[in-house]
Amino acid sequence: MGSPLVLLDVDGVLNPFQRPRATGAGGYRRHRCSPEGITYRLWLNAGHGRLLLDLAEAAGAELAWASYWCAHANEWIAPRVGLPELPYVPIPRFPGSNEGGTLGAWKARHVALWTEGRPFVWFEDEPDVTDCIAAEPGIGEHLLVAIDSDVGLTEDHLDLAREWLLALGR
């Protein structure tokens, strides 16, 4: 079965959509990232890395990206939030609703294949992903931690994940 996974989305989770009220509020700083020559302006919190690493260590879990950023997250996001290079779920570009359903369904399909039945916690903001991931065949035990994309990842989310992961080992 393997160790549990902690899956991280970027936009809406580590990069909240609402701008923090003041520069540096809550540890967030503005960054410009330019994967493939396209510039994005992100709000990232350098403290998230330590919190996520502590969670993974306490639970004997492996961190991985589950984001459309894919490998770009290692170059553009990881160093700005204090994470090392992480494995990632290869999520191809969304083909549109005719082929892919919803964004949540598309991501869930690729996460389910990549996790190969391993237990996981997924920090995600797509509203329908909870139902979509549960419907995937062969999915392992999992906890979808629904993130408010305007607020992003909080310590309450991490506490919920920690409690669930530690209960797996009982």
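Me: C70 lies in the loop between which two elements?
Reply: This is a predicted model. C70 is in neither a helix nor a strand here, but in the loop that has a strand, residues 62–65, on one side and a helix, residues 72–76, on the other. The two elements are β4 and α2.

Me: Does C70 count as buried or exposed?
Reply: A residue is buried when its relative accessible area is under 20%. The value for C70 is 13%. Because 13% falls under that limit, C70 counts as buried.

Me: Phi of C70 is near what value?
Reply: C70 is a residue other than glycine, and its phi is positive. The value is near 45°.

Me: Where does E36, another residue with positive phi, lie?
Reply: Phi of E36 is near 55°, a positive value in a residue other than glycine. At 67% relative accessibility, E36 counts as exposed. E36 lies in the loop between β2 and β3.

Me: Does R32 count as buried or exposed?
Reply: R32 is part of strand β2, residues 28–33. The limit for exposed is over 50% relative accessible area. R32 has 55%, so this residue counts as exposed.

Me: Which residues gather in a patch of positive charge on the surface?
Reply: R32, from strand β2, is one of the residues in this patch. The full list is R19, R30, R32 and R41.

Me: Which residues have the most contacts inside the largest nonpolar core?
Reply: In soluble globular proteins, nonpolar side chains tend to be buried together. The largest nonpolar core in this model has 32 residues. Those with the most contacts inside it are L8, L52, W65, I77, L83 and F123.

Me: The largest share of this core comes from which helix?
Reply: The share is 4 residues. They come from the helix that covers residues 47–59, namely α1.

Me: How many residues are in the second, separate core?
Reply: This core is separate from the one described above, and V89, A112, C132 and I139 are among its members. Its count of residues is 19.

Me: How many salt bridges does the count come to?
Reply: A pair is counted when a side-chain nitrogen of Lys or Arg is within 4 Å of a carboxyl oxygen of Asp or Glu. By this rule the count comes to 5.

Me: R50 forms a salt bridge with which residue?
Reply: R50 is partly exposed, at 48% relative accessible area, and its partner is also partly exposed, at 33%. Both residues lie in helix α1, 4 residues apart, which is about one turn of the helix. The closest N and O atoms are 2.9 Å apart, and the partner is D54.

Me: How many residues apart in sequence are the parts that R118 and E62 tie together?
Reply: The side chains of R118 and E62 meet in a salt bridge, 3.0 Å from N to O. R118 lies in the loop between α5 and β5, while E62 lies in strand β4, so the pair ties together parts that are far from adjacent in number: they are 56 residues apart.

Me: Salt bridges that share partners join which residues into one network?
Reply: E124 forms a salt bridge with K107, with the closest N and O atoms 2.8 Å apart. E124 lies in strand β5 and K107 in helix α5, so this pair ties together parts that are 17 residues apart in sequence. Both E124 and K107 are buried. With one further residue, D9, the network is made of D9, K107 and E124.

Me: What distance separates the C-alpha atoms of N74 and P84?
Reply: N74 lies in helix α2 and counts as buried at 15% relative accessibility. N74 and P84 are 10 residues apart along the chain, and their C-alpha atoms are separated by 7.5 Å.

Me: What distance separates the C-alpha atoms of L51 and Y40?
Reply: L51 is found in helix α1 and counts as partly exposed at 28% relative accessibility. L51 and Y40 are 11 residues apart along the chain, and their C-alpha atoms are separated by 24 Å.

Me: What distance separates the C-alpha atoms of L113 and P137?
Reply: L113 has its place in helix α5 and is exposed, with a relative accessible area of 61%. Along the chain, L113 and P137 are 24 residues apart, and the separation of their C-alpha atoms is 9.0 Å.

Methods:
Residues numbered from 1 in each chain as written. Predicted model: local features only at pLDDT ≥ 70, side-chain atom pairs only at ≥ 80, totals over all residues. Heavy atoms only, no water. Patch = residues over 30% accessible without salt bridge, like charges linked within 9 Å, V, L, I, M, F, W, Y side chains within 5 Å. Areas by Shrake-Rupley, 256 points an atom, 1.4 Å probe, with all protein chains shown as cover. Lys, Arg positive; Asp, Glu negative; His and termini not counted. Charge placed at Lys NZ, Arg CZ, Asp CG, Glu CD. Buried < 20%, exposed > 50% of the residue type's maximum accessible area, 1.4 Å probe, protein only. Core = buried A, V, L, I, M, F, W, Y, C linked by side-chain atoms within 4.5 Å.
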